[in-house]
Amino acid sequence: MKQTIPSRDLTRQRAQRDFRLKADPTCSRCGETKSVDDFPKVGVDYWCTACHAANAVYLYHKRRKALSKSELQELRGKINKRQNARRKQLLAGMSPDALAKFRKSINSYNVTQRAEIRDLVYKSYGGYRCACCGETEPKFLSIDHINNDGAKHKREFRIRTGEQMYRWLVRNKFPQGFQILCMNCQWGKRNNCGICPHQSGNGVTTIPKGSTAKRPEAQRSS
Ligand SMILES: [Zn+2]
Ligand SMILES: [Zn+2]
Ligand SMILES: [Zn+2]
């Protein structure tokens, strides 16, 4: 026989909580005295909303850490499937007008968000300006791996798009080893054994670490 556990009646506890929070809105987790609005509207505990959020993040990372790579992949697959189904359902219930409006708003949100992240990254690496030739047209610029180890880096962190690259840089607090270069200079660097021809003409004799330059005048900096 299948037994069902009767659900607890929490009405009394909720009422008690609301009463206590009104008199003294102190969070039992962080100990801060806040206002009633800083607590979830319903519930039976005395944690503020910020503490609930912090705990959710903590639990997420804790659970994630305990999963193996394949388990994590499986979980991601499940979540994706569920989200796709939910999205499909949401879109199916919309009128053509509402749908068009929804699509437009999502698009513009994505565009602004992407631009913000890109701006942040460029600002952190000296702005929209080629570190070699000074080109300032953003459409010509991109992130360059100073030590020419871009392929390895991208493989290691599964970075496939510029967008993913920007996000990686933000997540890792803008590490050293990256610079802004225009495509011209990146191309030059690639075809000149790791040094842009602009630089080799200027009597520069040091080459970046990891460079495969074979020019006799180029001395490996150590
Ligand atoms: Zn709190
Ligand atoms: Zn350049
Ligand atoms: Zn150059």
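# A tour from Arg-114

Start by selecting Arg-114, which sits in helix 4. Helices here are DSSP runs of H or I with at least four residues, strands are runs of E with at least two, and both are numbered from the N terminus. This is a predicted model: local features need pLDDT of at least 70, side-chain atom pairs count only at pLDDT 80 or more, and totals for chains, interfaces and linings use all residues. Residues are numbered from 1 along each chain as its sequence is written, while chains are lettered from A and ligands numbered from 1 in the order in which they are written.

Stay on Arg-114. With 14 other C-beta atoms within 10 Å, Arg-114 is partly exposed. The scale counts other C-beta atoms, placed from the backbone, within 10 Å of a residue's own: 20 or more is buried, 12 or fewer is exposed, and in between is partly exposed. Now add Tyr-166. The two residues are 52 apart in sequence, but their C-alpha atoms are 9.1 Å apart.

**The helices in the open**

Extend the selection to residues 96-124, the whole of helix 4. Its 29 residues reach 42 Å from first C-alpha to last, close to the 42 Å expected at 1.5 Å a residue. The expected span is 1.5 Å times one less than the number of residues. Buried or in the open? Helix 4 lies largely in the open, because the number buried is 1 of its 29 residues. Step past its end to Gly-126, where phi is positive, near 95°.

Go back to helix 2, residues 49-66. Its 18 residues span 26 Å between the first and last C-alpha, close to the expected 26 Å. Helix 2 also has 1 buried residue, of 18, so it lies largely in the open.

**The core**

Next, select Cys-132, in the loop between helix 4 and strand 1. Cys-132 is buried, because 21 other C-beta atoms lie within 10 Å. Which residues does Cys-132 contact, beyond four places in sequence? They are Leu-181, Cys-185, Cys-196, His-198 and Gln-199. A contact means two C-beta atoms, placed from the backbone, within 7 Å. Asn-184, 52 residues along the chain from Cys-132, has its C-alpha 9.8 Å from that of Cys-132.

Show the largest nonpolar core, 9 residues in all: Cys-130, Cys-132, Leu-141, Ile-180, Leu-181, Cys-182, Cys-185, Ile-195 and Cys-196. Such a core is a set of buried Ala, Val, Leu, Ile, Met, Phe, Trp, Tyr and Cys residues joined through C-beta atoms within 7 Å. Strand 2 gives the most to this core, 3 residues. Pick Cys-130 within the core. Leaving out residues up to four places away, Cys-130 touches Glu-135, Leu-141, Ile-180, Leu-181, Cys-182 and Cys-185.

**The strand pair**

Select strand 2, residues 178-182. Since 4 of its 5 residues are buried, strand 2 is largely enclosed by the rest of the structure. Add strand 1, residues 141-145: the two run antiparallel over 5 bridges. Strands count as paired when DSSP finds at least two bridges between them. To see one bridge, select His-145 and its partner in strand 2, Phe-178.

**The loop before strand 2**

Most residues other than glycine have a negative phi. Lys-173, not a glycine, has a positive phi of about 55°. Lys-173 lies in the loop between helix 6 (162-171) and strand 2, and counts as exposed because it has 7 C-beta neighbours inside 10 Å. Phe-174, in the loop between helix 6 and strand 2, has a positive phi of about 50°. With 13 C-beta neighbours inside 10 Å, Phe-174 counts as partly exposed.

**Helix 7**

Move to residues 183-191, helix 7, and mark its buried residues: Cys-185, Gln-186 and Lys-189. They cover an arc of only 100° around the axis, so they lie on the same side of helix 7. The arc is that of the directions from the helix axis to the C-beta atoms. Their cover includes strand 1, strand 2 and helix 8 (197-200). After helix 7 comes Cys-193, with a positive phi near 60°.

**Zoom out, then check confidence**

The protein chain has 8 helices and 4 strands. Of its 222 residues, 11% count as buried. Color by pLDDT, the predictor's confidence in each residue, from 0 to 100. The mean is 88, and 88% of residues reach 70 or more. Strand 2 has the highest mean, 96, and strand 4 (residues 219-220) the lowest, 47. End at residues 216-222, where pLDDT stays under 50 and the model has 10 contacts beyond four places in sequence.
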